Amino acid sequence: MARRLGDPELVSYSLLGTFFTLMGPEHAEQRLVIATEMLDLAKAANDPDVMHEGHWWRGYCLLELGDMAAYDIEFDAWARGVEETNQPFYLSIAATVRAMRSLTRGRFEDCERLAQHAFAIGQRLQTDTAAGVFGLQM
């Protein structure tokens, strides 16, 4: 119906709902197609919020599929958008993911520095998860 109405924003939100109904690694390729369409619609509409969503969920699928090079590209695009918004919650996630990627690459000194940065942001947010994630990364 959203497509018949020609409403790209409504199509994007409908796609996101479909994306969530297909959670699970067995549907990763199908969700990647959906996230790509979301991102394309957001770019055409110049909608930065949906672009962030599209990059995040494309990256999520690429990570599930083990395509780390493509994941890094999507994550970097998402992180650049997050840095522009300067929202502490998302900055915390970006810092945590950067630490995780350093850890998976065996760059332990970088991981420790990045994990400490993520923890500092998380402490300002006063969440319990910051300490737990920091502990896991250490």
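Which helix gives the most to the lining of the largest pocket? In this predicted model, α4 does, with five residues.

## Largest pocket

The largest pocket encloses about 260 Å³ of space. Its lining consists of D49, H52, E53, W56, W57, W78, V82, T85, Q87, Y90 and I93. By residue class, six of the lining residues are nonpolar, three are polar and two are charged.

Besides α4, which spans residues 48-65, α5 (68-85) and α6 also supply at least two residues each to the lining. Helix α6 covers residues 88-104.

## Second largest pocket

The volume of the second largest pocket is about 180 Å³. Lining it are 15 residues, of which S92, T96, T129, A130 and V133 are the closest to its centre. Two or more lining residues come from each of α6, α7 (108-125) and α8 (129-137).

Here the lining divides into nine nonpolar and six polar residues, with no charged residue. In the largest pocket, by contrast, two lining residues are charged. Helix α6 contributes at least two residues to the largest pocket, and two or more to the second largest.

## Nonpolar core

Nonpolar side chains tend to be buried together in soluble globular proteins. In this model the largest nonpolar core has 24 residues, and F19, F75 and W78 have the most contacts inside it. Helices α2 (8-21), α3 (28-45), α4, α5, α6 and α7 each give two or more residues to this core. The greatest contribution is that of α5, with five residues.

Two of these residues can be followed further. W78 is also part of the lining of the largest pocket. F75, leaving out residues up to four places away in sequence, touches A94, V97 and R98.

## R101 in helix α6

R101 lies in α6. Is R101 buried or exposed? Its relative accessible area is 8%, and the cut-off for a buried residue is under 20%, so R101 counts as buried.

The side chain of R101 makes a polar contact with the side chain of T104, at 2.8 Å. Apart from neighbours within four places in sequence, R101 is in contact with M68, Y71 and D72. Helix α5 runs over residues 68-85, and these three contacts of R101 fall within that range.

How values were computed. Residues numbered from 1 in each chain as written. Predicted model: local features only at pLDDT ≥ 70, side-chain atom pairs only at ≥ 80, totals over all residues. Heavy atoms only, no water. Helix = DSSP H or I, 4+ residues; strand = E, 2+ residues; numbered from the N terminus. Buried < 20%, exposed > 50% of the residue type's maximum accessible area, 1.4 Å probe, protein only. Polar contact = N/O pair within 3.5 Å; in protein donor to acceptor, adjacent residues only side chain to side chain. Contact = heavy atoms within 4.5 Å. 1 Å grid on protein atoms, 1.4 Å probe; cavity = no way out; pocket = protein on both sides within 12 Å on 5 of 7 lines; lining within 4 Å. Points joined across faces, edges and corners; volume = space filled by probe spheres on them. Nonpolar A, V, L, I, M, F, W, Y, C, P; charged D, E, K, R; others polar. Core = buried A, V, L, I, M, F, W, Y, C linked by side-chain atoms within 4.5 Å.
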